[in-house]
Structures are given as structure tokens and as C-alpha cells.
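Here are a few exercises to work through with the model open beside you. Try each task before reading its solution.

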Amino acid sequence: WAVGEDCCEMRCNFDCGTARELGPLTGVTEPRGDLYDRAIAQAMSVYGMNTTADAQLVSLVRDPKAVISDIWDETLTIALIAMIMDLCMCIVAGLMIARIL
């Protein structure tokens, strides 16, 4: 299933990302979610289509390297936040232990 957010008009005109551009496209898999599951169920009902439980959800992109770069940026940001939170917790724990002793 080709997926995206805010890509369809009411019952027609799927146009998301690079779906309508000419030339080579890359499909990047997307995780399943409630919003996509409901959209698939609606498409199956309206258009009489079938699907399988393990159907892939893909978003179409022109530059997969940019998508990978965005994923790495988000991952590194989350890791940095986690390290700062860990440092703060260690400082608080150290101060509490120092106060007890």
C-alpha cells in the first residue's frame, strides 16, 4: 500500500510525496499504525480491494539518502537527550548519596 499523510482528496487523487513524478522512485517502508489500518479498511470497503495481514506500507520518495539522513538525525537527537537525562539522574543520585553519607 502506498501511504502518506494528507495525500488524498475525498475518495480520489492520491498525490503524496513523489507519487506522481516521472522517473525512478524509491519506496520506503512505513510502520503500521491505526491511522493507516483505518485507511486501508476504508479503501477495501469502498473499492472492493483485498489485502493481507503482512502487506507492506510504503511511502514514495525521490531521494532515499535524504530519508536515511533524517532518520539518523532523529536517532542522534534522541540519543543525546537520553544521555543528558542520564547525566542529570546520576548527578541527582550522587548528591543524594553524598547527603546521606
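**Exercise 1.** Decide whether Met49 is buried, partly exposed or exposed, and place Met49 in the chain of this predicted model.

*Solution.* Start with the accessibility: Met49 has a relative value of 39%. The partly exposed class runs between 20% and 50%, so Met49 counts as partly exposed. Next, find its place: Met49 sits in the loop that links helix H1 (34–47) to strand S2 (58–61). Finally, look at its partners: together with Val46 and Tyr47, Met49 makes a nonpolar patch on the surface. The accessible area of these three residues together is about 280 Å².

**Exercise 2.** Find the salt bridges of the structure and describe the exposure of residues that take part.

*Solution.* Begin with the count, which is two. A general point helps here: side chains of opposite charge can pair when their charged atoms come close.

- Step one: Arg32 pairs with Asp37, and their closest N and O atoms are 3.1 Å apart. That fits the cut-off, which is within 4 Å. Arg32 is partly exposed because its relative accessibility is 39%. Asp37, at 32%, is partly exposed too.
- Step two: Arg38 and Asp34 form a salt bridge with an N to O distance of 2.8 Å. Both residues belong to helix H1, where they are four residues apart, about one turn of the helix. Asp34 reaches 52% relative accessibility. The exposed class starts over 50%, so Asp34 counts as exposed.

**Exercise 3.** Work out how far Leu60 and Thr26 are from each other, in sequence and in space.

*Solution.* Locate Leu60 first: this residue is part of strand S2. Along the sequence, Leu60 and Thr26 are 34 residues apart, while their C-alpha atoms are 5.6 Å apart in space. To complete the picture of Leu60, check its accessible area: the relative value is 25%, so Leu60 is partly exposed.

**Exercise 4.** Summarise the whole chain: which elements does it have, and in what order do they run?

*Solution.* Count the elements first: the protein chain has two helices and two strands. Read from the N terminus, their order is β-α-β-α. Then turn to the contacts: of those with a separation of 6 or more, 69% join residues 24 or more positions apart. The chain has 101 residues, and 12% of them are buried. Lastly, the accessible surface comes to about 8,200 Å², with 64% of that area belonging to carbon and sulfur atoms.

Terms used:
Residues are numbered from 1 along each chain as its sequence is written. This is a predicted model: local features need pLDDT of at least 70, side-chain atom pairs count only at pLDDT 80 or more; totals for chains, interfaces and linings use all residues. Side-chain values use heavy atoms; hydrogens and water are left out. Patches are made of residues with over 30% relative accessible area and no salt bridge: like charges are joined within 9 Å, nonpolar side chains (Val, Leu, Ile, Met, Phe, Trp, Tyr) within 5 Å. Accessible areas come from the Shrake-Rupley method with a 1.4 Å probe; for residues, only the protein chains shown count as cover. A salt bridge is a side-chain nitrogen of Lys or Arg within 4 Å of a carboxyl oxygen of Asp or Glu. Buried means under 20% relative accessible area, exposed over 50%, partly exposed in between (1.4 Å probe, protein chains only). Contact means heavy atoms within 4.5 Å.
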